[in-house]
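User: Could you take a close look at the charged pairs in this one for me? I'd like to know where the partners sit and what surrounds them.

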Amino acid sequence: MKVLIAEDNRLNRISLTSFLEEIGMEVMAAKDGEEAYKLWETFLPQVLITDLQMPKIDGISLIKKIRQNDNYNYTFIIVVTADKNLEVLEKSFEVGADDYISKPFKKIELQHRVKAAERLIGLFENEHIVYALAQLTETRDLDTGKHIERLSAYSKVLASALKNNPKYSKKISNRFLDNIAISSVLHDIGKVGIPDSILTKPGVFTKDEREIMKEHTMIGFKTIQSIAKKYPKIKYLETAGEIARWHHERFDGTGYPDGLKGENIPVSARIVAVADVYDALRSHRVYKKALTHEESKAVLIEGSGTHFDPDIIDAFLSVENYFSKTKY
């Protein structure tokens with residue numbers, strides 16, 4: 001991991017560099033805020049360790065300047081300072097610092113803080129990878145627009161509402177809520193394997209085209225499964241695989257690809273099925289007009305017990321105000 005040090009004290013700079021290199025970090029060091037910012041632009045560090053009192057550009061100004069420009073590569077910022085002034089520390093957090101260590105500090109403390117930052121950065125980057133993968137389908141199906149962002153939000157809201165049902169209170173944890181929010185965006189990743197002539201067709205599919213389109217569920221599942229084998233510690237990929245494969249199953253068993261019925265369909269896929277259909281109904285397509293919230297709600301209610309899990313439709317109705325306020 002790349003770490004940038006901004007420290008005007010030469011001995012402290014050397015000590016920090018030596019220690020961080022010992023624990024396997026790639027390190028660059030700057031003697032003031034101005035030099036640190038120039039290095040930040042080219043070195044692209046994941047972590048910045050900065051003093052606050054520095055010449056040319058002080059630590060507060062450096063943090064503020066980085067936060068104004070780190071749109072694509074987030075830098076975790078740790079302030080290292082002997083200043084006990086709470087107002088100064090508060091200001092550093094207000095402009096974008098993530099953590100701080102008081103001088104003099106113990107090396108073991110710095111090591112734990114940097115390792116914690118590395119874990120957080122890893123989670124941040126994983127989430128962006130997921131959204132980047134999901135965007136692959138959007139570049140080929142322009143009608144989807146902001147579909148994946150809405151689907152993520154809808155899925156988490158529905159799962160949160162379902163948690164209030166005693167039947168699901170223990171099954172749906174906070175981790176499940178986070179997992180479904182990120183994994184749901186990969187529900188249609190399998191569409192990357194569908195020919196453009198079918199995926200972007202503006203009219204009704206033929207029987208053969210419909211069968212080819214259905215293959216996106218298994219393509220998506222196998223794609224996610226192969227990633228999960230390489231990265232077994234990324235637990236949300238298991239949920240993503242469930243959703244990709246089974247979000248087109250129907251509660252009465254007439255869906256695809258496996259004809260699962262009722263609660264044999266994973267709850268994650270049952271939730272996303274409702275969120276996905278609602279968003280599709282509300283969205284304009286070349287071949288259909290967008291429905292209102294009330295019209296879309298009526299379709300979901302009509303499908304309760306056949307297409308959709310009645311418990312999830314009840315959860316939807318309990319939070320329908322959230323859905324109705326979403327702008328299309």
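Analyst: Let's settle one term before anything else: a salt bridge here is a side-chain nitrogen of Lys or Arg within 4 Å of a carboxyl oxygen of Asp or Glu. Keep in mind that this is a predicted model.

With that cut-off, Lys103 and Asp51 qualify, since their closest N and O atoms are 3.6 Å apart. Now for where the two sit. Lys103 is in the loop between β5 (99-102) and α5 (107-138), while Asp51 is in the loop between β3 (47-50) and α3 (59-67), so this pair ties together parts that are 52 residues apart in sequence. Are the partners buried or exposed? Lys103 has 18% relative accessibility, which counts as buried, and Asp51 is buried too, at 7%.

Next, take Glu263 and Lys167, whose side chains meet in a salt bridge at 2.5 Å, N to O. Loops again: Glu263 lies between α11 (236-246) and α12 (267-282), and Lys167 lies between α6 (147-162) and α7 (174-183), so the pair links parts that are 96 residues apart in sequence. As for the surface, Glu263 is partly exposed at 45% relative accessibility, and Lys167 is partly exposed at 39%.

A third pair to look at is Asp309 with Arg270, where the closest N and O atoms are 2.6 Å apart. Asp309 belongs to the loop between α13 (293-302) and α14 (310-318), and Arg270 belongs to helix α12, so here a loop and a helix that are 39 residues apart in sequence get tied together. Asp309 is buried, with a relative accessible area of 4%, and Arg270 is buried as well, with 9%.

Back to Asp51 and Lys103 for a moment: salt bridges that share partners join these two and Glu7 into one network. If you scan the whole structure, the search comes up with 20 salt bridges, and the pairs above are among them. As a general point, side chains of opposite charge can pair when their charged atoms come close.

What about the nonpolar side of things? The largest nonpolar core has 26 residues, and Leu162 and Ile271 are the ones with the most contacts inside it. Helices α6, α7, α12 and α14 each supply at least two of its residues, with α6 giving the most, 7 residues. Leaving out residues up to four places away in sequence, Ile271 touches Ser155, Leu158, Ala159, Leu162, Phe176, Ile180 and Ile312. There is also a second, separate core of 20 residues, which includes Leu39, Leu48, Leu52 and Ile66.

One more spot for your list is Ser15, which sits in helix α1 (residues 10-22). Ser15 is partly exposed, with a relative accessible area of 36%. In sequence, Ser15 and Lys107 are 92 residues apart, yet in space their C-alpha atoms are 9.9 Å apart.

Finally, the overall layout. The domain assignment splits the protein chain into domain 1 (2-124) and domain 2 (126-326), and the centres of these domains, taken over C-alpha atoms, are 41 Å apart.

Conventions: Residues numbered from 1 in each chain as written. Predicted model: local features only at pLDDT ≥ 70, side-chain atom pairs only at ≥ 80, totals over all residues. Heavy atoms only, no water. Helix = DSSP H or I, 4+ residues; strand = E, 2+ residues; numbered from the N terminus. Buried < 20%, exposed > 50% of the residue type's maximum accessible area, 1.4 Å probe, protein only. Core = buried A, V, L, I, M, F, W, Y, C linked by side-chain atoms within 4.5 Å. Contact = heavy atoms within 4.5 Å. Domains from an automatic or database assignment.
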